[in-house]
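Reader: I should be grateful for a close look at the salt bridges of this model and at the residues around them. Please treat the matter in one connected account.

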Amino acid sequence: MSKTWTIEQEKYLIDNYKNYIYDDIALALNKSCNSIHHKAIKLKLYKGNRIYSLDEDYFNTIDNQEKAYWYGFLWADGCVQERKQKNHIWHILTIALAIKDIEILQKFADCIKTDKPIFHDDKKCIIDICSDKIFIALNKLNIVPRKTYKDLIPNISENFTKHFIRGILDGDGYISANPRCRLEIAGNKAACEWINNVIYNNTQELGHIYPTHSKYCYRYVIENRLKTLKILDWLYSDALIYLERKYTRYKNLKFYLENSYKNGRPIIQRKCLIEGCTKPFSAKNYCIKHYYTYISKIKAENYATTN
């Protein structure tokens, strides 16, 4: 992939810039999307009033599950801010994720119909969207600058609450894969209480709200295999969009529980690994007594090695 541009390539870019997205142009010219983007800036090419395409009215109305999901995802992982530069104020939406979740960032870019390249390296991926209209629309939905420090609740129809919560789960949630089963969602206190009420109204399962090390952040927590699975079944029923790795964890958890438990009780009781011990395992496949014996042995071996 050559970094230099020929006259023919520049002419192709000028002729097709307004009618095709970056991916198509990059494929035709054997260039990267970043290269197309920077060359367009140098040539002062614009798609109307902006340098890349964008559906600026996307968040004006939350009227389907896709928009509700992204509303929840931005509630958890989106950052809106105002940047002052000379005599102009830029309104910017930023999403920064670990590189393993770049696929969900690409889905977001596709949904808002933008061809702006996603910046990524070996550890993270980031997209910045500069738009006054999107900034105003998100402000009306209570996604505001420095939202972490404010007790806000979402503004969304009851018809789309589970898709919104699924978006939060993918952005700031955790599904435990161990046999005890645990579902966690982080947020401000008001939002966690709102999530708890919505889930209770739809599943009749009540969670707990716990504070964290930060006075602005709380955790909604469910710790029960049947309750966790019931809530996840509700969240993922008829779901069309989700983070693939968390959906896979949900499916694996569902398979494990459906094949290991009946009416909340183990079908096959797993025993401690120590021969002759009939107690159920607690951790590392040992019962509590033998687990602490195992830990003491490991510590003694580590001490002997270091000394």
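Author: The account below begins with the charged pairs and then turns to their surroundings.

The structure is a predicted model, and a search through the whole of it finds 11 salt bridges. Side chains of opposite charge can pair when their charged atoms come close. Three of these pairs are described here in turn.

One pair consists of Glu184 and Arg219, whose closest N and O atoms are 3.4 Å apart. This pair links distant parts of the chain, since Glu184 belongs to strand E6 (residues 183–187) and Arg219 to strand E8 (residues 218–222), with their positions 35 residues apart in the numbering. Glu184 counts as buried because its relative accessibility is 16%, below the 20% limit for that class. Arg219, at 23% relative accessibility, counts as partly exposed. The pair does not stand alone: salt bridges that share partners join Arg182, Glu184, Arg219 and Glu223 into one network.

Two members of this network also have described neighbours in the region of strand E5. Gly173 lies in strand E5 and is buried, with a relative accessibility of 16%. The C-alpha atoms of Gly173 and Glu184 are 5.4 Å apart in space, although the two residues are 11 apart in sequence. Once sequence neighbours within four places are set aside, Gly173 is in contact with Ile168, Glu184, Ile185 and Lys246. Glu184 thus appears both among the contacts of Gly173 and in the salt bridge with Arg219.

Ser176 occupies the loop between strand E5 (173–175) and E6. Its relative accessible area is 2%, so Ser176 is buried. Beyond its neighbours within four places in sequence, Ser176 is in contact with Cys181, Arg182 and Leu253. Of these contacts, Arg182 is a member of the salt-bridge network.

A second pair is formed by Arg245 and Asp101, whose side chains meet in a salt bridge with an N to O distance of 2.8 Å. Here too distant parts of the chain are linked: Arg245 is in helix H10 (residues 244–260), Asp101 is in the loop between strand E2 (88–98) and helix H5 (102–111), and the two are 144 residues apart. Arg245 is partly exposed, with a relative accessible area of 37%, whereas Asp101 counts as buried at 7%.

The third pair joins Lys39 to Glu10, with 2.9 Å between the closest N and O atoms. It connects helix H3 (residues 33–42), which holds Lys39, to helix H1 (residues 7–16), which holds Glu10, across 29 residues. In this pair Lys39 is the buried partner, with a relative accessible area of 15%, and Glu10 is partly exposed at 24%.

The nonpolar part of the structure supplies the next piece of the picture. In soluble globular proteins, nonpolar side chains tend to be buried together. The largest nonpolar core contains 77 residues, of which Phe59, Trp70, Leu138, Ile165, Leu232 and Tyr236 touch the most other members. Helix H4 (residues 65–77) contributes the largest share of this core, namely 8 residues.

Tyr236 has charged as well as nonpolar residues around it. Residues up to four places away in sequence not being counted, Tyr236 touches Arg166, Leu169, Asp170, Ile175, Tyr242, Lys246, Tyr247 and Tyr250. Among these, Lys246 is also in contact with Gly173.

Tyr236 falls within helix H9 (residues 225–236), whose axis comes within 11 Å of the axis of helix H8 (residues 189–203) and crosses it at roughly 90°. The two helices are therefore roughly perpendicular to each other. At their contact, Val198, Ile199, Asn202 and Thr203 in H8 meet Lys230, Ile231 and Trp234 in H9. By class, this contact comprises 4 nonpolar, 2 polar and 1 charged residues.

Two loop residues complete the account. Lys113 has a positive phi of about 55° although it is not a glycine; its place is in the loop between H5 and strand E3 (119–120), and at 57% relative accessibility Lys113 counts as exposed. Arg146, likewise a residue other than glycine, has a positive phi near 55°. Arg146 is located in the loop between helix H6 (132–140) and helix H7 (161–172) and is exposed, with a relative accessible area of 60%.

How values were computed: Residues numbered from 1 in each chain as written. Predicted model: local features only at pLDDT ≥ 70, side-chain atom pairs only at ≥ 80, totals over all residues. Heavy atoms only, no water. Axes fitted to C-alpha atoms, helices over the stretch in contact; angles between N-to-C directions. Helix = DSSP H or I, 4+ residues; strand = E, 2+ residues; numbered from the N terminus. Parallel < 35°, antiparallel > 145°, perpendicular 65-115°, else oblique. Contact = heavy atoms within 4.5 Å. Salt bridge = Lys/Arg side-chain N within 4 Å of Asp/Glu carboxyl O. Buried < 20%, exposed > 50% of the residue type's maximum accessible area, 1.4 Å probe, protein only. Core = buried A, V, L, I, M, F, W, Y, C linked by side-chain atoms within 4.5 Å.
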